[in-house]
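Please look through the sequence and the 3D structure shown here. The paragraphs below go from single residues to open and closed spaces, and then to some details of the backbone.

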Amino acid sequence: MPNSLDQIIRPEILELSAYHVQPSIGMVKLDAMENPYSLPEDIRIEIARLAADLPTNRYPDTSAASLKAALREAMRIPVGMDIMLGNGSDEIIQIIALAVARPGAVLMSVEPAFVMFRMIATFARIGYRGISLKADFSLDLDVMLTTIARYQPAVIFIAYPNNPTGNLFDAEAVSRIIEAAPGAVVVDEAYHAFADASFMGRLTQHPNLLLMRTLSKLGLAGLRLGLLIGRPEWLTQLEKLRLPYNVGVMTQLVVEKVLQHPDILQQQAVAIKAERAVMSECLKALDGVEVFPTDANFILLRVKEASQVFLELKKHGVLIKNLDGSHPLLRNCLRVTIGKPDENAQFLEALQASIKKPIN
Ligand code: PMP
């Protein structure tokens, strides 16, 4: 008789709830910060033609040299910095956590933040310190600096802009954290396309700064490609943990092709930003809705009874994210991704109907 699973699986894994992906078939899907636009038809046809000749019987190029060169140019990566590719940036977070998980090591972030920082700390068996943001979602710099001094975190993750709050932190405060940190600071710029700020220019100033980007929010979420940019000293070590064929041939081919037309995703991001402005104004005009400022492709809002409004929206066929209960600062908060104009209109109409419904 084999042992029962609770004698085999680590207790902290038994306790964990899996990352929840909501069923979305047939819904207006505004829950996952995807770009609502597909690629233009001519590009899709070109990709299909190239895909037909792909050697799918062969392993992908593990160095992905030609894709990296395209990324270097498209993202204006400073000379002297290396690139590591991940199966989404999720995988990069995991690689970093595994690399620094010496006994007693600490991974630090803010709360609320992207939940995978905390979850991956558990996967990698590394201690986690999440420092609460202030009520206005800004960094609590004093507490962060004391925590750094006390716990000497091996790595700090800061999303810039932050998910799920949507705001950019004060760049000088982030720099102070980077300067005070004894280990690596990963600035996660997943939402960079929708913000007018970046730490790319600061990479050369800070030896312990690593910059993370993803193609997911830009419009290629299904392909799973994230990248980490940093000094060769860091990336040479991290590369040892990257599984050799983590980025498939199809992803390498399609991303490289799309990057040859940088205007496509860029224009889509411009359209999303314009829609974000329209959505914010419409939401602000609603009674009983508090709208938080955003530099990302989503908006955080507070309503009176978030869980009820969330369920009502679902009944209207609109799927967003309910954050009520996930952190004290997010009481009655909902997060909605910017969709196409007609999807946003459907959301606004459903929201109006949902907040008017008497609370039972
Ligand atoms: N970082 C942040 C801040 C995110 O919000 C997300 C996705 N929600 C990711 C990283 C992961 O993105 P991906 O794995 O698709 O690159």
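Begin with Tyr19, which sits in the loop between α2 (11–15) and β1. The model is a predicted one. Tyr19 has a relative accessibility of 46%, so it counts as partly exposed. Apart from neighbours within four places in sequence, Tyr19 is in contact with Phe114, Val115, Met116 and Met119. For a sense of distance across the model, take Tyr19 and Pro262: they are 243 residues apart along the chain, and 32 Å separates their C-alpha atoms.

Tyr19 also leads to the subject of pockets. Rolling a probe the size of a water molecule over the atoms shows where empty space is left. The largest pocket found in this structure has a volume of about 1400 Å³. It is lined by 48 residues, and those closest to its centre are Tyr19, His20, Phe114, Val115 and Lys321. Several elements give two or more residues to this lining: α5 (89–100), β3, α6, α9 (216–220), α13 (306–315) and β12 (321–322). Which of the elements gives the most to the lining of the largest pocket? That element is α6, with 5 residues. Sorted by class, the lining of the largest pocket holds 23 nonpolar, 13 polar and 12 charged residues.

The second largest pocket has a volume of about 490 Å³. Of its 24 lining residues, Ala74, Met75, His192, Leu218 and Gln266 are the closest to the centre. Two or more residues of this lining come from each of β7 (209–214), α9, α11 (249–259) and α12 (262–284). The largest share, 6 residues, is given by α12. By class, the lining of the second largest pocket is made up of 14 nonpolar, 4 polar and 6 charged residues.

Next comes enclosed space. How many cavities of 30 Å³ or more does a search of the whole structure find? The search finds 1. About 50 Å³ of space lies in the largest cavity. Its lining includes Pro60, Asp61, Thr62, Ser63, Ala64 and Leu85, and also Arg242, Pro244, Tyr245, Asn246, Val247 and Gln252. Of these lining residues, 6 are nonpolar, 4 are polar and 2 are charged.

Ser63 and Leu85 from that lining turn up again beside Lys68. Lys68 belongs to helix α4. Not counting residues up to four places away in sequence, Lys68 touches Ser63, Ile83, Leu85 and Glu239. Does Lys68 count as buried or exposed? Lys68 is buried, yet it has no salt bridge. Its nearest side chain of opposite charge is Glu239, at 4.1 Å. The cut-off for a salt bridge is 4 Å between a side-chain nitrogen of Lys or Arg and a carboxyl oxygen of Asp or Glu, so the pair Lys68 and Glu239, at 4.1 Å, does not count as one.

Another buried residue is Ala181, found in the loop between α8 and β6 (184–188). Its relative accessibility is 10%, and therefore Ala181 counts as buried. Leaving out residues up to four places away in sequence, Ala181 touches Ile148, Ile156 and Asn208. Ala181 and Ile156 are 25 residues apart in sequence, and their C-alpha atoms are 8.0 Å apart in space.

The last topic is the backbone. Most residues other than glycine have a negative phi, and most peptide bonds are trans. Met33 has a positive phi, near 55 degrees, although it is not glycine. Met33 lies in the loop between β1 (28–29) and α3 (41–52), and it counts as buried because its relative accessibility is 4%. Arg76 also has a positive phi, near 50 degrees. Arg76 is located in the loop between α4 (65–74) and β2 (82–86). With a relative accessibility of 72%, Arg76 counts as exposed.

Two peptide bonds deserve a look as well. The bond from Glu111 to Pro112 is cis, with omega near 0 degrees. Pro112 is in the loop between β3 (106–111) and α6 (115–123). Asn163 and Pro164 are also joined by a cis peptide bond, with omega about 15 degrees. The loop that holds Pro164 runs between β5 (155–159) and α8 (171–180).

Conventions. Residues numbered from 1 in each chain as written. Predicted model: local features only at pLDDT ≥ 70, side-chain atom pairs only at ≥ 80, totals over all residues. Heavy atoms only, no water. 1 Å grid on protein atoms, 1.4 Å probe; cavity = no way out; pocket = protein on both sides within 12 Å on 5 of 7 lines; lining within 4 Å. Points joined across faces, edges and corners; volume = space filled by probe spheres on them. Nonpolar A, V, L, I, M, F, W, Y, C, P; charged D, E, K, R; others polar. Helix = DSSP H or I, 4+ residues; strand = E, 2+ residues; numbered from the N terminus. Buried < 20%, exposed > 50% of the residue type's maximum accessible area, 1.4 Å probe, protein only. Lys, Arg positive; Asp, Glu negative; His and termini not counted. Contact = heavy atoms within 4.5 Å.
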